[in-house]
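Open the model in your viewer and keep the selection tool at hand. Each stop below tells you what to pick and what is there.

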Amino acid sequence: MLFDVQPKTSIDELFGRRAEYLSFLDAIEKRRNFFIITGPRRIGKTSFLYASLNELEKEYGIPYAVIDARAATSLNSKYPQRVIAERLYKAIIRKGFVGGVISKIKGLKIGGIEIETQDKNPDIIDVLSAINEGNELAIIAFDEAQYLRFSNEDLTKLFAWVLDSLHNIVLVFTGSQVGVLDNFLRLDEGNAPLFGRYEVRIPLPRFNPSESLEFLKRGFEEYGIETNERDLLPVVKVLDGVPGWLVHYGAHRVDGLPHDEAIEKVLEKAMTYVQTEFQELDKLSPRYRVVMRAIAKLSEGKGYARWERIKSLAEEELGDEIDEKSMRNYLSKLVDYGFLETIGYGKYRIPDPVMYRVFRR
Ligand code: ADP
């Protein structure tokens, strides 16, 4: 059901994203081993990831394991590799990822992880090597991979080793905070471990207005609800092609709320989202919110705001001056986190329409 609020897990449940899936498949067939799937939050990265991986497993027999990097770092923020090793190990056991090579892991002694199976303490290197040995091809994906940057050890070294030495393993990373993810992977930094690796990027764009309309129509049809396309236009405008918000709107309507209340609920939800997502930036400075509010206000009508005007409006709200360097820093961090986009020199916009409304209030 399209209005199911959980991430979709099969290609049949996924609306659109056909071209993106085919590019993924095509690159897998060409034996590319390093993928980065990007897009703003709620755009459907997790859904695309699971749906594609399940399809690849079903159709081509390629096993996979997905590590939720956010969960891995919250379980063990300093050593997420322990959680990763454990998750991969469990995936091996569950899916029969590898056959005979499991015994190789059993005999190994490594510190740190508690798992329920009788096989204690798998080490990430051993687990990865076993997966590599036991499969012609296997995919390991890290959802919201930017969270791995909190690890005590530089995991990019591990990833570089996998890409260089374990030729049967494909690594996939997803991230909504694209700049933060890029800063973590440091693909363009000459002396960084992953420098020079060939990555395939699959950006997931917002639905265009016609796709959003079709998405809503089909979603309602699944519940036997007839809709008038023109009644759906305001929703398409306000929620502007972010599937996650369209789903929430649809789910509220199906549960009986009228249009205005459903939109209001989506905004409330978005507010909670913003609060959690903004926490990291709040810790750095309360000014990030001030800057976002200034941009939201200035964007009205034209959809973007200019550097100088943002600065002066933010200063007005703060009753204090912001020096140029700090201002540049605030804006580039907000871009890194995916809260802002640059559209030409000195012009910024808030790409998520719901977030725009949250800051516009
Ligand atoms: P992300 O990982 O980018 O935050 P999710 O995959 O969690 O996004 O998707 C957010 C919501 O939108 C979920 O309810 C999911 O079911 C829905 N969704 C996202 N993309 C699609 C799609 N292509 N087709 C159907 N539903 C989608």
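Select Gly301, just after helix 13. Its phi is positive, about 90 degrees. Remember that the whole model is predicted.

Now step back onto helix 13, residues 287–299. Do its ends sit where its 13 residues say they should? At 1.5 Å a residue the expected span is 18 Å, and the end C-alpha atoms are 18 Å apart, so the two agree. Colour the buried residues of helix 13: Tyr288, Val290, Val291, Met292, Ala294 and Ile295. What covers them? Show helix 12 (259–284), strand 6 (305–306) and helix 14 (307–318), which are among the covering elements. Helix 15, strand 8 (347–349) and helix 16 (353–360) are also included.

Next, pick Phe339. Phe339 lies in the loop between helix 15 (324–336) and strand 7 (341–342). Is Phe339 buried or exposed? Phe339 counts as buried because it has 25 C-beta neighbours inside 10 Å, and the cut-off for buried is 20 or more. Leaving out residues up to four places away in sequence, Phe339 touches Met292, Leu334, Ile350 and Met355. Met292 is one of the buried residues of helix 13 you just coloured. For a long view, add Asn132: from Phe339 the distance is 38 Å, C-alpha to C-alpha, and 207 residues in sequence.

Zoom out to the domains. Domain 1 covers 11–203 and domain 2 covers 284–361. Where they touch, 8 residues of domain 1 contact 6 residues of domain 2. On the domain 1 side, 3 of these residues are nonpolar, 4 are polar and 1 is charged.

Turn to the ligand. How many residues are around the ligand? There are 21, and Phe15, Gly44, Thr46, Ser47 and Gly244 come nearest. Helix 2 (45–60) and helix 11 (243–254) are the elements that each give two or more residues to this shell. By type, the shell has 8 nonpolar, 7 polar and 6 charged residues.

Follow helix 2 away from the ligand. Its 16 residues should span 22 Å at 1.5 Å a residue; the end C-alpha atoms are 21 Å apart, which agrees. Its buried residues include Lys45, Thr46, Ser47, Phe48 and Leu49. Thr46 and Ser47 were also among those nearest the ligand. The buried residues of helix 2 pack against helix 1 (18–29) and four strands: strand 1 (34–38), strand 2 (64–68), strand 3 (138–143) and strand 4 (169–175). After helix 2 comes Gly61, with a positive phi near 65 degrees.

Two more residues have a positive phi, and neither is glycine. Select Glu144, in the loop between strand 3 and helix 7 (155–165). Its phi is near 50 degrees. Glu144 is buried, because 22 other C-beta atoms lie within 10 Å. Then select Asp240, in the loop between helix 10 (229–239) and helix 11. Its phi is near 35 degrees. Asp240 is partly exposed, with 19 other C-beta atoms within 10 Å.

Last stop: colour by pLDDT. The chain has a mean of 89, and 92% of its residues reach 70 or more. Confidence is highest in helix 1, at 98, and lowest in helix 5 (residues 102–106), at a mean of 44. Over residues 99–119, pLDDT stays under 50. Where pLDDT is low, do not read the predicted coordinates in detail. For the complex, the predictor gives an ipTM of 0.99 and a pTM of 0.89.

Note on methods:
Residues are numbered from 1 along each chain as its sequence is written. This is a predicted model: local features need pLDDT of at least 70, side-chain atom pairs count only at pLDDT 80 or more; totals for chains, interfaces and linings use all residues. A residue is near a molecule or strand if its C-beta atom, placed from the backbone, lies within 6 Å of it. Ala, Val, Leu, Ile, Met, Phe, Trp, Tyr, Cys and Pro count as nonpolar, Asp, Glu, Lys and Arg as charged, and the others, Gly among them, as polar. A residue is buried if 20 or more other C-beta atoms lie within 10 Å of its own, exposed if 12 or fewer, and partly exposed in between; C-beta atoms are placed from the backbone. Two residues are in contact if their C-beta atoms, placed from the backbone, lie within 7 Å. The expected span of a helix is 1.5 Å times one less than its number of residues. pLDDT is the predictor's confidence in each residue, from 0 to 100. Domain bounds come from an automatic or database domain assignment.
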